[in-house]
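I opened my notebook to look up a few things in this structure. My entries follow in the order I made them.

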Amino acid sequence: MLLATFSNCWLLLLYAVGDYQQLLAITTLRLVIFSNSKAKIIGGPTLYINSGSTINLTCLVMESPVPPDYVFWYHNGKVINYDSPRGISVHTEKAQRTTSKLLISNAQPSDSGNYSCVPSNAEPAAIGLHVLNGEHPAAMQHGKHTSSGTGLPNSWNMFLYLIMNIALLVFNKR
């Protein structure tokens, strides 16, 4: 039997073998799970901008008791390189409600796609962005954009994977 219980920052495992139980406190692993924490990108689910303008995406991290350690931005499932000579910057303000702004100067059609905001302690958010070259958004065909297919890990799958690996380590040491 394996039972996992959670406090706000430590993982405890209680397992029973035969007629006795052991409690294992894993203090070297800090695991913070905030099931209600989520991110939101303002202006979604789809945004249209003109070629040559500045892309300004704002991500809000909501319902989180503590600010995230980091906020990563992805474009079509790949981490955005902030050190690019292209004019890409990220400004993150950690507070009660964390705000992260992604700025990309001189937008090009190649900048179109799915953008994701991924905080360390919250569910990610995504937005579909179209860079227009004189087209009108109403004349374009577009579908629903979601964060699926971005290559980002599902937080619950990662959590279960972590628990199973810890359980295997504990039982293999016996």
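**Entry 1: strand 10**

Which side chains along strand 10 point to one face, and are they buried or not? I kept in mind that this is a predicted model. I went through residues 98-104, which make up strand 10. Thr98, Ser100, Leu102 and Ile104 point to one face and are buried. Thr99, Lys101 and Leu103 point to the other face and are not buried. I noted the general rule beside this: side chains in a regular strand alternate between the two faces of the sheet.

**Entry 2: the partners of strand 10**

I looked up what pairs with strand 10. Strand 6, residues 55-62, pairs with strand 10 in the antiparallel sense, over 7 bridges. Ser100 in strand 10 is the bridge partner of Cys59. Strand 9, residues 88-93, also runs antiparallel to strand 10, and 6 bridges join the two. Here I found Ser89 bridged to Leu103 of strand 10. Strand 9 and strand 10 form a hairpin, with 4 residues between them.

**Entry 3: the sheet**

In what order do the strands of this sheet lie? I read the order as 4-6-10-9, an open sheet of 4 strands with antiparallel pairing. The edges are strand 4 (38-41) and strand 9, each of which pairs on one side only. From one strand to the next, the twist averages 15°. I then checked strand 4 against strand 6: they are antiparallel and share 4 bridges. Ile41 has Cys59 of strand 6 as its bridge partner. Cys59 had already come up as the partner of Ser100 in strand 10.

**Entry 4: the core**

I turned to the largest nonpolar core, which has 19 residues. Which members touch the most others? I listed Ile41, Ile55, Leu57, Trp73, Leu102, Tyr115 and Cys117. Several strands supply at least two residues each: strand 4, strand 6, strand 7 (71-75), strand 10, strand 11 (113-119) and strand 12 (125-132). Strand 12 gives the most, with 4 residues. A general note goes here: in soluble globular proteins, nonpolar side chains tend to be buried together.

I picked Ile55 for a closer look. Leaving aside neighbours within four places in sequence, Ile55 is in contact with Ile49, Leu102, Leu103, Ile104, Ala107, Asp111, Tyr115 and Leu129. Leu102 is buried on its face of strand 10, while Leu103 points to the other face.

**Entry 5: salt bridges**

How many salt bridges does a search of the whole structure find? I wrote down 2.

One joins Glu63 to Lys38, with the closest N and O atoms 3.7 Å apart. Glu63 sits in the loop between strand 6 and strand 7, and Lys38 in strand 4, so the pair links distant parts of the chain, 25 residues apart. Glu63 is exposed at 51% relative accessible area. Lys38 is partly exposed at 38%.

The other joins the side chains of Asp111 and Arg86, at 2.6 Å from N to O. This pair also links distant parts of the chain, 25 residues apart. Asp111 lies in the loop between strand 10 and strand 11, and Arg86 in the loop between strand 8 (78-79) and strand 9.

Is Asp111 buried or exposed? I noted it as buried, because its relative accessible area is 6% and the cut-off is under 20%. Arg86 is partly exposed, at 31%. Asp111 was on my contact list for Ile55 too.

Notes. Residues are numbered from 1 along each chain as its sequence is written. This is a predicted model: local features need pLDDT of at least 70, side-chain atom pairs count only at pLDDT 80 or more; totals for chains, interfaces and linings use all residues. Side-chain values use heavy atoms; hydrogens and water are left out. Buried means under 20% relative accessible area, exposed over 50%, partly exposed in between (1.4 Å probe, protein chains only). Two strands pair if DSSP finds at least two bridges between them. Axes are lines fitted to C-alpha atoms, for helices over the stretch in contact, and angles run from 0 to 180 degrees between N-to-C directions. A nonpolar core is a set of buried Ala, Val, Leu, Ile, Met, Phe, Trp, Tyr and Cys residues joined through side-chain atoms within 4.5 Å. Contact means heavy atoms within 4.5 Å. A salt bridge is a side-chain nitrogen of Lys or Arg within 4 Å of a carboxyl oxygen of Asp or Glu.
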